[in-house]
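Here is a briefing on selected strand pairings, a chain contact and a helix crossing. Please keep the sequence and the 3D view open while reading.

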Amino acid sequence: MTGRYASFTFVDRITALEPGVAAKGSFHVPAHAGAFPSSLLAEATGQLAAWAAVAKLDFRLRPVAGIAHETIYLGAPRAGDTLETQIRIDSCEDDAVAYQGWCRIGGATVLELHDCVGPMLPLSDFDDPAAMQAFYDVLRTTGAPLDRFAGITIVPLVPLAHEPGRSASARLDVPRDAPYFADHFPRRPVFPGTLLLDRMTTLAAGVASEAAAGRQVFARRVSDVKLRAFTEPGATLTLHAAVEPGGDRAILATLEARAEGQRRAVGGARVEFEVVQ
Amino acid sequence: MAADIPQAQVEAIFPAVAKTIADALGCELDEVKPDASLIEDLGAESIDFLDLVFRLERAFKVKIPRGKIIEDARGDLPEAEFEQKGVITDAGLARLKQFLAEVPADRFKAPLKATDIPRLFTAETFAKLVLRARGEQAGAA
C-alpha cells in the first residue's frame, strides 16, 4: 500500500471505540521511517479522535485542523516505536469535536493533549466517504498493514531575519507535490498543521537555544495552538518566532505563521522550552 | 432576556470575559471594549468563536450550547417567523434588537441574513451569555 492511507495516516488499528465518546488505537513507526517529528505524536492522537468523531457523525462530517489549548511532550518518538494512542471526547456535534488525548510508547506517556477543538466540515469536500468507511472497517477489524509509512521529507526553512537569542523569521515554501497530500486530503490537499507546527517549533528552538547560552532545549509544552486557514500546496509562508527574555530553566516563545496578503496569521502557538541542564 | 440582566452584573464580569476574548483572539486587552464587534472590530473568524466559547466554558465553569445566543434571541418565536429563506423577518429583527440590547442600534440593518447575525455580537454579548448560562445552571441545580 502506498500513498493513500500510507503517507500521512498514523492509525494502524483502532483497538477500542465508543463512537463520540472514547477510543484507543495504535501506530507502528516503521524502522525505515527516518525522522519522525514529535508533532506527529499529536497528529496520531488527533487522527484517532477524528475517526471517533467521523464514526459518530456517520461519515458526513470530519474535523479539520483547529485548536489545541495545551500539548505536553514528555518524550520523543523514534523509528521502530509503537505509539499507543487514546482519546476521550468531551463533545461531538455538527459544528465541532472537543477532546483530550494521550500517546504512550512502551507504556510511558510521551504526549498529553488537553482541550482540543476541531471544527467540522463536510467530509465529502476532503475525501471519499465510502473509501473512508471501508478503511475504518479495516482499522476496526484486521488493522492496516504495518510499515506502509515511508517517512516524511521535512521542508527546509529559508532564513529571513535573525536576532540571536531573541527572534527569527524564515520562509517556508510548501511543496506543490508531496506524498502526504495523498492522505491530507485526497480531494483537497492541505499542508498538515502538525508539520507547520514542527517547522515553527524548530525555528523557535534555535533562538531558544541561543537564549540559553547554547544549551539544548526541549519543547515541553505547546499552548494556544490555533490554525485559522488552510495552507495549499505551493503556498509560501513566513514564520516568526520570538523568545521572551529571562528564564534559566524554561524559555517561552511565541510562534506565528503568515501567508502573504492575509490580515490574520494562518496559525500560531506558544511554546515552553525546557533547558536541558 | 438580555434586558433582565442587571448592568452591575455585566460590569462585574466584563473584565474577566474581556481577558478571555483577548486570549482567544490574540488581540490587546484594551481593544476589547464592551461595544466592540468581535468580527468587525476585532477580526474574529468562525474558529475564534469556537475557541472563545470553549474558553468561556472553562473559565466560568458553565456549559454554553452551540447556537445559544440565536436560540435565546428567537425565544418562543417559531423558526419560520424568525427567519425565512435565510433572511431574518421583521419580527425576528425586533426580537434580535430587544435581545441584543447592548449592540448599537445602527448596526441592525435590514435585510439581515441569518449567517450575518454573529457580526452583531459584541464583547458585552458574551458577558451576558456567560451570565445567562450561569443563571440557567444555578436554576437547574
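**Strand pairing in chain A**

Strand E12 (residues 250-259) of chain A is joined to E13(A) by 8 bridges, and the two run antiparallel. The model is predicted. The points below follow the pairing onward from E13(A), then turn to the contact between chains and to a helix pair in chain B.

*E12(A) and E13(A)*

- One position shows the register: Leu255(A) stands opposite Ala269(A) in E13(A).

*E13(A) and E10(A)*

- Strand E13 of chain A covers residues 267-275.
- E13(A) also pairs with E10(A), in the antiparallel sense and over 8 bridges.
- Ser223(A) has Arg270(A) of E13(A) as its bridge partner.
- Ala219(A) is bridged to Phe273(A) in E13(A).
- E13(A) therefore has E12(A) as one partner and E10(A) as another.

*E10(A) and E4(A)*

- Strand E10 of chain A spans residues 217-227, and strand E4 of chain A spans residues 67-73.
- These two strands pair in the antiparallel sense, over 5 bridges.
- Ile67(A) faces Lys226(A) of E10(A) across this pairing.
- E10(A) is thus paired with E4(A) and with E13(A).

**Contact between chains A and B**

- How many residues of chain A are in contact with chain B? The count is 14 residues of chain A, against 8 residues of chain B.
- On the side of chain A that touches chain B, strands E6 (96-105) and E7 (108-122) each supply at least two residues.
- E7(A) gives the largest share of that side, with 3 residues.
- By type, the chain A side divides into 7 charged, 5 nonpolar and 2 polar residues.

**A helix pair in chain B**

- Helix H2 (residues 46-60) and helix H6 (residues 123-140) belong to chain B, and their axes come within 11 Å.
- The axes cross at roughly 50 degrees.
- Why is H2(B) oblique to H6(B)? The crossing angle of roughly 50 degrees makes it so, because angles under 35 degrees count as roughly parallel and those from 65 to 115 as roughly perpendicular.
- The crossing of H2(B) and H6(B) is right-handed.
- H2(B) brings Leu52(B), Leu56(B) and Phe60(B) to the contact.
- H6(B) brings Phe126(B), Val130(B) and Arg134(B).
- The residues of this helix contact divide into 5 nonpolar, 1 charged and no polar.

Conventions. Residues numbered from 1 in each chain as written. Chains lettered and ligands numbered in written order. Predicted model: local features only at pLDDT ≥ 70, side-chain atom pairs only at ≥ 80, totals over all residues. Pairing = 2+ DSSP bridges. Helix = DSSP H or I, 4+ residues; strand = E, 2+ residues; numbered from the N terminus. Contact = placed C-beta atoms within 7 Å. Nonpolar A, V, L, I, M, F, W, Y, C, P; charged D, E, K, R; others polar. Axes fitted to C-alpha atoms, helices over the stretch in contact; angles between N-to-C directions. Parallel < 35°, antiparallel > 145°, perpendicular 65-115°, else oblique. Left-handed = near helix turned anticlockwise from the far one by under 90°.
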